Amino acid sequence: MPRTTLAVVGAGPKGIAIAVKARALEAAGLGGPRVVLIDRGPVAGNWSGRQGYTSGLLALGTPPEKDVGFPYADSWGPASPAVTAAMADYTWQRHLIAHGAYADWVDRGRMRPTHRQWSWYLREVAEKARAEIIAGEVVSLEADGERWRLAVEPGEAIWADGVVVTGAGPPIRVAGQPDRHPRVLDGRSYWLHEHQTQVAQNACVIGSGETAASVVISLVSKLPKHSTVDVLTSRGVLYSRGESYEENRLYSDPGDWPGLAEAHRREFLVRTDRGVFSLQAEAILNQSRGFRALAGRAVAISAGERQVAVTIEYGDEREHVAYDLVVVAIGFQSGWFEGLLGEQARGRLAGALAGAQLERRIEADLSVVGLQPPLHLPMVAGLAQGPGFPNLSCLGLLSDRVLRRYVATDGPARLALERSERV
């Protein structure tokens, strides 16, 4: 019987974690699919500081112990110890030990690595696992019978039995936002033009999540002494992320998550993940001056040669405020993959959704309910399956969930998987 192929769009943390777990399953004798990662840039390139999204020098928002295997769940029945043992070669601690840096890291209080250091770890893991990586850009994704056909440029089409879409997607935009304007940047382009921001006397950062926080930290450290930075938040005030056990445990083990009412799940996501600053960012900003929170929602941008006007709505009021620099840091489009879908794929997706919101139609293996061949979308799985899947909080469990569909497990192993996902 031919081996199944799982194609992953993106060679970042999620794709690497899946490739590594597939290697561990093979070592444990469970078999598994051929995993192919497709990315037009270098492995973990978005974390390096050379492709935007970050300077590379920012601290990682999650503890590095939440590495490609975390939480090392008992997901594979009697084979779980063997799988965990095989994953031991890819841990963050093993990475530090190999470079003679483990004791220093512990003695310094287990400091969080920079994004660039995290990218080095991910690249090393991918190399050690002999991950199959194809350099190219997926330009279309079409359903053809029971398989996917991925058109890749440059190169030949790839056929796969399942597809995982990862990656941040394009930045979310505001009406009127121009392309390639020197005074209007976004959550990606800011870091490519960071050196140009020192000319601004007053700036506006639109957004109140971690993307916005990192930009604000950068701006207050670079702008002239008497500059001001407005942080425009539609939530009225800036909130920090909760870090209690009760909150953190749902990121690591979402077993109780589906049992919560949808309203409570949405509230949890807003309060702990979306539109909040990390405690690390808050600690830095607490010691900073020159920025303030501004309540309101940006509804339009009008960019001139010297200034940018932002139309701000708050309640029944609307005003236009001029800035030297505007950074739109609302977030990124999780549904960007829809632009890749061919006619057949679009029709099948529409049929599977049956008018429902996509985020409500994600099943336990993070694929769209009722869609064949399977399309796994961890970036939109937070509401239905758990808050950790769209981010870095449970890469090992994410891999277990996705790969279960392609591993022939029976008896105790299958029951263990089902038990871990039961409401």
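Buried means under 20% relative accessible area, exposed over 50%, and partly exposed in between, with a 1.4 Å probe and protein chains only. The model is predicted, so local features need pLDDT of at least 70, side-chain atom pairs count only at pLDDT 80 or more, and totals for chains, interfaces and linings use all residues. Residues are numbered from 1 along each chain as its sequence is written, and side-chain values use heavy atoms, with hydrogens and water left out.

**Exercise 1. Q51**

Task: Place Q51, decide whether Q51 is buried or exposed, and list its contacts.

Solution:
- Step 1. Find the element. Q51 sits in the loop between β2 and α2. Helices (H or I, at least four residues) and strands (E, at least two) are DSSP runs, numbered from the N terminus.
- Step 2. Apply the cut-off. Q51 has 18% relative accessibility, so Q51 counts as buried.
- Step 3. Look for a side-chain partner. The side chains of Q51 and N46 are joined by a polar contact of 2.8 Å. A polar contact is a pair of N or O atoms within 3.5 Å; within protein, one must be able to donate a hydrogen and the other to accept it, and residues adjacent in sequence count only if both atoms are side-chain atoms.
- Step 4. List the contacts (heavy atoms within 4.5 Å). Leaving out residues up to four places away in sequence, Q51 touches G41, P42, G45, N46, R188 and L192.

**Exercise 2. S55**

Task: Do the same for S55, and find which backbone atom its side chain reaches.

Solution:
- Step 1. S55 is in the loop between β2 (34-39) and α2.
- Step 2. S55 counts as buried because its relative accessibility is 14%.
- Step 3. The S55 side chain reaches the backbone nitrogen of L57, at 3.1 Å.
- Step 4. Residues up to four places away in sequence are again not counted; S55 then touches S48, G49, R116, W191 and E194.

**Exercise 3. The aromatic cluster**

Task: Classify the ring pairs W92–W105 and W118–Y121, and name the cluster members.

Solution:
- Step 1. State the rule. Rings of Phe, Tyr and Trp (its six-membered ring) pair if their centres lie within 6.5 Å; planes under 30 degrees apart count as stacked, over 60 as edge-to-face and the rest as tilted. The count by this rule is nine aromatic pairs.
- Step 2. Take W92 and W105. Their ring centres are 6.3 Å apart and their planes lie at 75°, so the pair is edge-to-face.
- Step 3. Place this pair. W92 lies in helix α3 and W105 in helix α4, so the pair ties together parts 13 residues apart in sequence. Both W92 and W105 are buried.
- Step 4. Take W118 and Y121. This aromatic pair is tilted, with 5.0 Å centre to centre and 40° between the planes.
- Step 5. Place the second pair. W118 and Y121 both lie in helix α5, three residues apart, about one turn of the helix. W118 is buried, at a relative accessible area of 0%. Y121 also counts as buried, at 0% relative accessibility.
- Step 6. Name the members. One aromatic cluster is formed by W92, Y102, W105, W118 and Y121.

**Exercise 4. A pocket**

Task: Describe the lining of the second largest pocket by residue, element and class.

Solution:
- Step 1. Define the space. On a 1 Å grid over the protein atoms alone, a cavity is a set of points where a 1.4 Å probe fits but cannot get out, and a pocket is an open set with protein on both sides within 12 Å along at least five of seven lines; lining residues have an atom within 4 Å of a point.
- Step 2. Give the volume. The second largest pocket holds about 330 Å³ of space. A volume is the space filled by probe spheres set on the grid points, which are joined across faces, edges and corners.
- Step 3. List the lining. The second largest pocket has 13 lining residues, and W92, L96, A101, W105 and Q117 lie nearest its centre.
- Step 4. Assign elements. α3, α4 (102-107) and α5 each give two or more residues to this lining. The largest share, three residues, comes from α3.
- Step 5. Sort by class. The lining has seven nonpolar, three polar and three charged residues. Ala, Val, Leu, Ile, Met, Phe, Trp, Tyr, Cys and Pro count as nonpolar, Asp, Glu, Lys and Arg as charged, and the others, Gly among them, as polar.

**Exercise 5. Cavities**

Task: Find how many cavities of 30 Å³ or more the whole structure has, and describe their linings.

Solution:
- Step 1. The search finds two cavities of 30 Å³ or more.
- Step 2. The largest cavity holds about 60 Å³ of space. Its lining includes K21, W76 and D400. Helix α2 (residues 80-87) gives the largest share, four residues.
- Step 3. The second largest cavity has a volume of about 30 Å³. Among its lining residues are D89, R94, Y121 and K128. The largest share of that lining, four residues, comes from α5.
- Step 4. By class, the lining of the second largest cavity has three nonpolar, two polar and four charged residues.
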